[in-house]
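This report describes strand pairing and burial in one protein chain. The structure is shown first, and the text follows.

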Amino acid sequence: MTMIYFVEDDNSIRELVLYTLNNAGYETRGFDKPSEFWRVIKDETPDLILLDIMLPEESGLDILKKLRAASRTKKVPVMMLTAKSTEYDKVIGLDYGADDYLPKPFGMMELIARVRALLRRAEPSAREEDHRVGDLYVSPAKHIVKVQGKEVILTFKEFEMLDLLIENIGIVFTRDQLLTKIWGYAFDGESRTVDVHIRSLRQKLGPCGSLIETVRGIGYRIGTGDEL
């Protein structure tokens with residue numbers, strides 16, 4: 001059974017979320033302190049982590065940074081649940097490696113939809129075809145991205161977006177199309193979310209970031225690196 005960890009110091013929120021996830025068929029464990037979370041995760045790696053930002057002992061962003069730095073947990077999908085909802089806070093979360101960002105208050109149905117989407121995208125891909133464009137290498141089956149031979153760590157949404165674009169070289173995707181295909185459900189309509197992910201993806205790809213071309217007034221595509 002899929003195991004989900006939830007770190008949240010607000011007892012009412014934590015118990016409601018755990019109850020909802022249990023009823024949806026997931027095995028869950030809740031933690032009100034980061035120290036308890038670290039104690040348990042040493043022996044068991046979950047399939048998904050839900051993480052609040054404002055926590056005692058250390059912030060959720062600090063926890064996220066440590067998770068992404070550890071080889072055993074660097075690819076575990078992490079969703080931030082937080083009262084912070086400004087674009088600046090979202091960008092920080094994405095820069096630290098968050099896979100999704102759900103501001104409080106949120107509905108339980110939306111939470112379940114996002115959890116399912118993240119878990120679905122975390123499943124090993126059955127596709128075997130690798131992609132190479134210049135110095136960029138993408139392996140969907142192995143979930144590996146390399147730039148000039150060096151592995152680059154992406155969040156699941158960043159990887160899905162890059163994979164979609166590189167599988168359809170030359171095809172332009174609008175922001176709405178990317179929201180639908182990558183998030184897989186009715187998102188909150190913030191098309192800037194796509195721009196934030198594209199910006200983060202370009203930064204992580206370094207010299208290959210220019211392969212993601214902006215088609216003004218329309219959207220994005222993988223091309224030769226010559227910006228339109």
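## Strand β1 and its neighbours

Strand β1 is covered on both faces: Met3, Tyr5 and Val7 are buried on one side, and Ile4 and Phe6 are buried on the other. This is a predicted model. In a regular strand, side chains point alternately to one face of the sheet and then to the other. Because 5 of the 5 residues of β1 (residues 3-7) are buried, the strand is largely enclosed by the rest of the structure.

β1 pairs with β2 (residues 27-31) in the parallel sense. From β1 the chain passes through helix α1 (residues 11-23) to reach β2, a right-handed β-α-β crossover. β1 also runs parallel to β3 (residues 48-52), to which it is joined by 4 bridges. Tyrosine 5, one of the buried residues of β1, has isoleucine 49 of β3 as its bridge partner. Methionine 3, also buried, stands opposite glutamate 27 in β2.

## The antiparallel sheet

Three further strands form an open sheet in the order β10-β12-β11, with antiparallel pairing. Its edge strands are β10 (173-174) and β11 (212-215), each of which pairs on one side only. Where β11 meets β12 (residues 219-222), isoleucine 212 stands opposite isoleucine 222 of β12. Helix α6 (residues 156-167) lies across β10, β11 and β12, and runs at about 65 degrees to β12.

The strand pairs with their bridge counts are listed here.

| Strand pair | Sense | Bridges |
|---|---|---|
| β1 and β2 | parallel | 5 bridges |
| β1 and β3 | parallel | 4 bridges |
| β11 and β12 | antiparallel | 4 bridges |

Conventions: Residues numbered from 1 in each chain as written. Predicted model: local features only at pLDDT ≥ 70, side-chain atom pairs only at ≥ 80, totals over all residues. Heavy atoms only, no water. Buried < 20%, exposed > 50% of the residue type's maximum accessible area, 1.4 Å probe, protein only. Helix = DSSP H or I, 4+ residues; strand = E, 2+ residues; numbered from the N terminus. Pairing = 2+ DSSP bridges. Right-handed = clockwise from strand over helix to strand, strands pointing away. Contact = heavy atoms within 4.5 Å. Axes fitted to C-alpha atoms, helices over the stretch in contact; angles between N-to-C directions.
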